Amino acid sequence: MLNIDGLIKDFGGLRALDGLDFEVPARSILGVLGMNGSGKTTMLNCINGLYDATSGSIRLGGKELIGLGPADVFGEGVGRTFQVPRIFARMTLWDNLAVPLLSRRMSRAERDEIRAFWLKKVQLYELRHNYAEELSGGQQKLLELARIMVSRPRLVLLDEPFAGVNPTLSRLLIGVIREMPEETGCSVILVSHDLTSIYELSHDIIVMHEGRILARGDAATVQANPDVIEAYLGA
């Protein structure tokens, strides 16, 4: 689904991404770990067009994404959440989910059906006529995810979805994310400091350090990697 080759991002004299190479298969969840400053969010920003990569390649289903802005990347099927939810605060939940569908050719009944499905999926349907600003922080993250999913993305980028979310909503969010690849056919890149959720959800895990991939594998392989232990705990 996604192929990243030799991805480099420089900010002046600082190299934030130093030649990333990895792939994300279809219908899979890739977990991404790393200390603050390791380049995780910069990588997501390059994939969804917020940043222009310095060099390298980002291909989604064979289509090159480098050079496209966020709107065009969204049009290619990439959805994105943020550590601090970016919802339309003074719009209802129902209207929030209408925004990604404005450019889609579908009937009003189809729009209503998909909005209702995803609001029920994240257990917010009963609040659909409330303003988004009335939701808790965790509920806003659920709304943001539902707003992405109504557009039927091929790739979903999740940036710290569990940060500041209470345990009950975290379990709900984990359940929704786990089912997304099989239910919708999408792939997911999950960036999180929540190790439990990463280990539970990810089919594969990469660990980033200073803009590079330090280790890759399943949970057991990553946990036992001496380079990962040194990066997190010190030699």
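Biologist: How many bridges join β3 to β8?

Modeller: Keep in mind that this is a predicted model. In it, β3 and β8 run parallel, and Val 32 stands opposite Val 191 in β8. The number of bridges joining β3 to β8 is four.

Biologist: And on the other side of β8, which residue is the bridge partner of Leu 157?

Modeller: Strand β7 covers residues 155-159 and pairs with β8 in the parallel sense. That pairing runs over five bridges. In β8, the partner of Leu 157 is Ile 189.

Biologist: Are the residues of β8 buried or exposed?

Modeller: Take the two faces of the strand, residues 187-191, in turn. Ser 187, Ile 189 and Val 191 point one way, while Val 188 and Leu 190 point the other way. Both sets have the same status, and for five of the five residues in β8 that status is buried.

Biologist: Let's go to β9. Which residue there is the bridge partner of Leu 30?

Modeller: β3 (residues 29-34) and β9 (residues 204-209) pair over five bridges. The sense of that pairing is parallel. Leu 30 has as its partner in β9 Asp 204.

Biologist: In what sense do β9 and β10 pair?

Modeller: Strand β10 spans residues 212-217, and five bridges link β9 with β10. Val 207 has Ala 215 as its bridge partner, and Met 208 stands opposite Ile 213. The sense of the pairing is antiparallel.

Biologist: What is the strand order of the six-stranded open sheet?

Modeller: Start from the edges: β6 (78-80) and β10 each pair on one side only. Neighbouring strands are turned by 20° against each other on average, direction ignored. The pairing is mixed, and the order is β6-β7-β8-β3-β9-β10.

Biologist: Which helix lies across β3, β7 and β8?

Modeller: There are two helices to sort out here. Helix α1 (residues 40-47) lies across β3, β6, β7, β8 and β9, at about 150° to β7. The helix you're asking about runs at about 135° to β3, and that one is α6.

Biologist: Is α4 oblique or roughly parallel to α6?

Modeller: The axes of α4 (residues 108-121) and α6 come within 11 Å and cross at roughly 140°. Only angles over 145 degrees count as roughly antiparallel, and only those under 35 as roughly parallel. That crossing therefore makes α4, relative to α6, oblique.

Biologist: How many charged residues are in the contact of α4 with α6?

Modeller: From α4 come Phe 117, Trp 118 and Lys 121. From α6 come Leu 172, Val 176, Glu 179, Met 180, Glu 183 and Thr 184. Sorted by class, there are five nonpolar residues and one polar residue, and the number of charged ones is three.

Biologist: Which helix gives the most to the largest nonpolar core?

Modeller: That core has 45 residues, and among those touching the most other members are Trp 118, Val 156, Ile 177 and Met 180. Leaving aside its neighbours within four places in sequence, Met 180 is in contact with residues including Trp 118, Leu 145, Met 149 and Val 156. The top contributor, with seven residues (its span is 167-184), is helix α6.

Biologist: What is the strand order of the open sheet of four strands?

Modeller: Its edge strands are β2 (14-24) and β5 (63-64). Strand β1 (residues 2-11) is joined to β4 (residues 55-60) by five bridges, and these two run antiparallel; there, Asn 3 has Arg 59 as its bridge partner. Pairing in this sheet is antiparallel, and the order is β2-β1-β4-β5.

Biologist: Is Glu 210 buried or exposed?

Modeller: Glu 210 lies in the loop between β9 and β10, a hairpin with two residues between the strands. Most residues other than glycine have a negative phi, yet Glu 210 has a positive phi of about 55°. Its relative accessibility is 59%, so Glu 210 counts as exposed.

Biologist: What about Arg 27: what is its relative accessible area?

Modeller: Arg 27 also has a positive phi of about 55° although it is not a glycine. Arg 27 lies in the loop between β2 and β3. Arg 27 is partly exposed, because its relative accessible area is 42%.

Terms used. Residues are numbered from 1 along each chain as its sequence is written. This is a predicted model: local features need pLDDT of at least 70, side-chain atom pairs count only at pLDDT 80 or more; totals for chains, interfaces and linings use all residues. Side-chain values use heavy atoms; hydrogens and water are left out. A nonpolar core is a set of buried Ala, Val, Leu, Ile, Met, Phe, Trp, Tyr and Cys residues joined through side-chain atoms within 4.5 Å. Buried means under 20% relative accessible area, exposed over 50%, partly exposed in between (1.4 Å probe, protein chains only). Contact means heavy atoms within 4.5 Å. Two strands pair if DSSP finds at least two bridges between them. Axes are lines fitted to C-alpha atoms, for helices over the stretch in contact, and angles run from 0 to 180 degrees between N-to-C directions. Angles under 35 degrees count as roughly parallel, over 145 as roughly antiparallel, 65 to 115 as roughly perpendicular and the rest as oblique. Ala, Val, Leu, Ile, Met, Phe, Trp, Tyr, Cys and Pro count as nonpolar, Asp, Glu, Lys and Arg as charged, and the others, Gly among them, as polar.
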